[in-house]
Amino acid sequence: MNISKIKLQNVSKVYKQADQFEIILRNCSFEIKPGKLTVLIGPSGCGKSTLIKLIAGYETPTMGSIQIGEKDISGPGPDRAVVFQETALFPWMTLKDNIMFGPIQQGVSKSLAEKKSIELISKFGLNGFGDKFPHQVSGGMQRRAELARAFINDPKIMLLDEPFRGLDHMTRGLMQEYYSSLFEETHKTTLFVTSEVDEAIFLADEIIVLSYKPTSLKALIEVDLPRPRDFKMMTSLSYGKLKNKIISLLYEEALKGFSTGVSESAEMKDLIEVSLLQEQLLETKND
Ligand code: ADP
Ligand code: MG
């Protein structure tokens, strides 16, 4: 069953800012395996969030294709849930109402949505907190409510963009353990973005290391640490070796961030041309 395999082929993305074009992604090709937890790691600003937005269908590639199963992505869909670092919980709603908001919007009856929300409140360790507002609960609870909100539609694919960033060290560790066991139970195809090497290794089946901009695939690393994962693994020799390897790869790319000026290759001109064409097309559509 390849329904939730995600395949990127030669994906490039050009952004325009103040009349300047910048190639963010260049010929990114990789696959995200169904039922696996894939972690995307790379230097800050290399386009990790851009990749999440492309796979979520919020943005379109300048060139290249993204397929889920055998189908090209044509926009956002209920098969994918996205959780960003920034909280998306509505501050004026209780956790329970936040969690059941999605299904109600989609026309599910209030009683059914509420039933599902209550089930998830229990599953996500929020018993007794369903009637609290986001500001009344801890950061870890907010993150779990956010995950529950994403899970309520039973998506096939979870796209998580640095979901635990900003939490204190201990809570972040507990959330990693929590997500790891949730994944081991559900095996939902997950793409998890992080900039933390330990978080990447602890969670991943496979790690995609990205290069510096214009960004492409730098390395694919299998993590064969057994599941269920546990923090004691961090002291093992195989863990240490993996960590060294990833840090060296990231260091090489971070160093590139110190040099400036990218030569304008023919390929870059092609991409800029495509981007201009897309803009013209949009303008004619909007006229
Ligand atoms: P990361 O998540 O890896 O830190 P992002 O995907 O957020 O990186 O951004 C990659 C680059 O693309 C950054 O240089 C950012 O300024 C630029 N960028 C992202 N979104 C836009 C946009 N909508 N318009 C113009 N530039 C953008
Ligand atoms: Mg980002």
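## A tour from helix H3 to the sheet

Select helix H3 and colour Ala113, Lys116, Ser117, Leu120 and Ile121: these are buried (20 or more other C-beta atoms within 10 Å of the residue's own, against 12 or fewer for exposed and partly exposed in between, with C-beta atoms placed from the backbone). Looking down the axis of H3, the buried residues fall within an arc of 145 degrees, so they line one face of the helix; the arc is that of the directions from the helix axis to the C-beta atoms.

The model is predicted, with local features needing pLDDT of at least 70 and side-chain atom pairs pLDDT 80 or more, while totals for chains, interfaces and linings use all residues. Residues are numbered from 1 along each chain as its sequence is written, and chains are lettered from A and ligands numbered from 1 in the order written.

Helices (H or I, at least four residues) and strands (E, at least two) are DSSP runs, numbered from the N terminus.

Next, show helix H2 (95-105) and helix H4 (139-151), against which the buried residues of H3 pack; contact means C-beta atoms, placed from the backbone, within 7 Å. On the face turned away from the buried side of H3, pick the exposed Ser111, Leu112 and Ser122. Just after H3, select glycine 125, whose phi is positive at about 65 degrees.

Now move to the open sheet, four strands in the order S2-S1-S4-S5 with antiparallel pairing (two strands pair if DSSP finds at least two bridges between them). Its edge strands, S2 (20-32) and S5 (71-72), each pair on one side only. Between S1 (residues 6-17) and S2 there are nine bridges; select lysine 13 and its bridge partner in S2, leucine 25.

Conventions. Two residues are in contact if their C-beta atoms, placed from the backbone, lie within 7 Å.
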